[in-house]
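Reader: Please take a close look at the interior of this protein with me. I am a first-year student and want to know which residues pack together and where empty space is left.

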Amino acid sequence: MDHYLDNSATTKVCPEAAEAALRAMTEVYGNPSSTHTPGREAKKLLEQSRRQVADALGCQPKELVFTSCGSESDNWALLAGAEAMKRKGRHIVSSAVEHDAIRRSLDELEARGFEVTRLMPESSGAIPVPAVREALRADTVLVSLMLVNNETGAVTDIAGVSRVLREAASPALLHTDAVQAFLKVPFTPKSLGADMISVSGHKIHAPKGVGALYVKSGLRLKPFVLGGGQEDGRRAGTEAMPQIAAFGAACAVGKAGMAENTARMAAYKRGIVERLEAAIPELRHIPTDAPHILSLSLPGFRSEVLMNFLEAREIYVSKSSACKKGGRSHVLEAIGLDAKTIDGAIRVGLSRETTQEDVDALCQGLIDARACLRHR
């Protein structure tokens, strides 16, 4: 029996999503832009799926644009958002602990003549609201901060950032990468006060290859993909109906069980920390509010060695974001952890499918790893 605990990298597709994708591929397979009966049936499924995702997110269906992934949503929000606002200024506020989809977009915007302020995080990885207030300028036109950090699980007070923008009468657009928060931490666009929100399917038990960008009503972004008039002219290309249908189904299931699932994940997270702290005195962990992400470190042990030891027992965790492909975590560096702690860090990602058996296997695996590897 394997114990998959890398759900922050991706999740197993749930049966409901898989069934929805299969139906879209084999039964409702028309092009939603076609005017014949199969096309109209596909269009109906498209809008049903959009309603399901919008309902889970807490927005109007017309405010939701389907994309290929969270990274595309992030890229589009930053590049098009900055472009839309450049007549009012060229200053952007973000942070040093964003996902690479944001970091690379910021690099591109700097190359286009924008100025970026990258705020440093608190010890958890969250960005303090006062730091945003201090960074604001008259020419600030965009603020982009992650809601839940993908490596530590730190939750940034995006609603507080929104209040700061209102109090300062700032014209800046507010974007948040909520990929790790969606259906794990309660929020709506209204509660956050965000203009743009990025989400992704494969973090919530839908397939890879589908995401969405919430765009507040009245905000028009230049299309990121040009061609036909799909997605109300906002994103060209025939819609990926199997993935979109699966995304909608996964959202419906996830929303229905969200309260129960997040409470269980939070209990597992607390249990892991309590058990390991009692057994491994030198253990370090980063206390954070998200229920499903846990950053642990055994200083003096290499992450790769710990991961290989666990993998031999069919226990799967990660070192940091999967997008880093083995590189050292820029998030843990920005927090200010020492090299020894960073080099011994692993990320545990829980999901609604995580079981007590998975948790027990992880804890015993790390306890055994410490006992076996310390003498080598």
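Author: Here is a walk through the interior, from an enclosed helix to the core and then to the cavities.

This is a predicted model, in which local features need pLDDT of at least 70 and side-chain atom pairs count only at pLDDT 80 or more, while totals for chains, interfaces and linings use all residues. Residues are numbered from 1 along each chain as its sequence is written, and side-chain values use heavy atoms, without hydrogens or water.

Start with helix α6, residues 158-167. (Helices are DSSP runs of H or I with at least four residues, strands are runs of E with at least two, and both are numbered from the N terminus.) Is this helix enclosed or open? Of its 10 residues, 7 are buried, so the rest of the structure largely encloses α6. (Buried means under 20% relative accessible area, with a 1.4 Å probe and protein chains only.) Those residues are I158, A159, G160, V161, S162, V164 and L165. What covers them? The cover includes α5 (129-135), β5 (140-144), β6 (173-177) and α7 (189-192). After α6 comes A169, where phi is positive, near 55°.

Now step over to α7. This helix holds L192. L192 counts as buried because its relative accessibility is 6%. Leave aside neighbours within four places in sequence, and L192 is in contact with L147, I158, A159, S162, L174, T176, F187 and I197. (Contact means heavy atoms within 4.5 Å.) Three of these partners, I158, A159 and S162, are among the buried residues of α6. Follow the chain 18 residues from L192 and you reach V210, with 23 Å between the two C-alpha atoms.

F187 leads on to the core. The largest nonpolar core has 69 residues. (Such a core is a set of buried Ala, Val, Leu, Ile, Met, Phe, Trp, Tyr and Cys residues joined through side-chain atoms within 4.5 Å.) V143, F182, F187 and F247 touch the most other members. Which helix gives the most to this core? It is α8, residues 241-256, with 8 residues. A separate core of 27 residues includes I280, V359, L366 and A369.

Look closer at F182. Beyond four places in sequence, its contacts are V53, A56, L57, F187, V199, I204, F247 and C251. Keep I204 in mind.

Where is space left? There are 4 cavities of 30 Å³ or more. (A cavity is a set of points on a 1 Å grid over the protein atoms alone where a 1.4 Å probe fits but cannot get out; lining residues have an atom within 4 Å of a point. Points are joined across faces, edges and corners, and the volume is the space filled by probe spheres set on them.) The largest cavity holds about 100 Å³. I204 is one of its lining residues, along with T11, L183, K184, K203, H205, G254, M258, N261, M265, S351 and R352. Helix α9, residues 258-279, gives the most to this lining, with 3 residues.

The second largest cavity has about 40 Å³. Its lining consists of S95, V97, E98, G125, A126, I127, L145, M146, V148, N149, A154 and T156.

One more buried spot: H3, in strand β1 (residues 3-4). H3 counts as buried because its relative accessibility is 10%. Outside its neighbours within four places, H3 is in contact with R313, E314, I315, Y316, E357, D358 and A361.

Key. Buried < 20%, exposed > 50% of the residue type's maximum accessible area, 1.4 Å probe, protein only. 1 Å grid on protein atoms, 1.4 Å probe; cavity = no way out; pocket = protein on both sides within 12 Å on 5 of 7 lines; lining within 4 Å.
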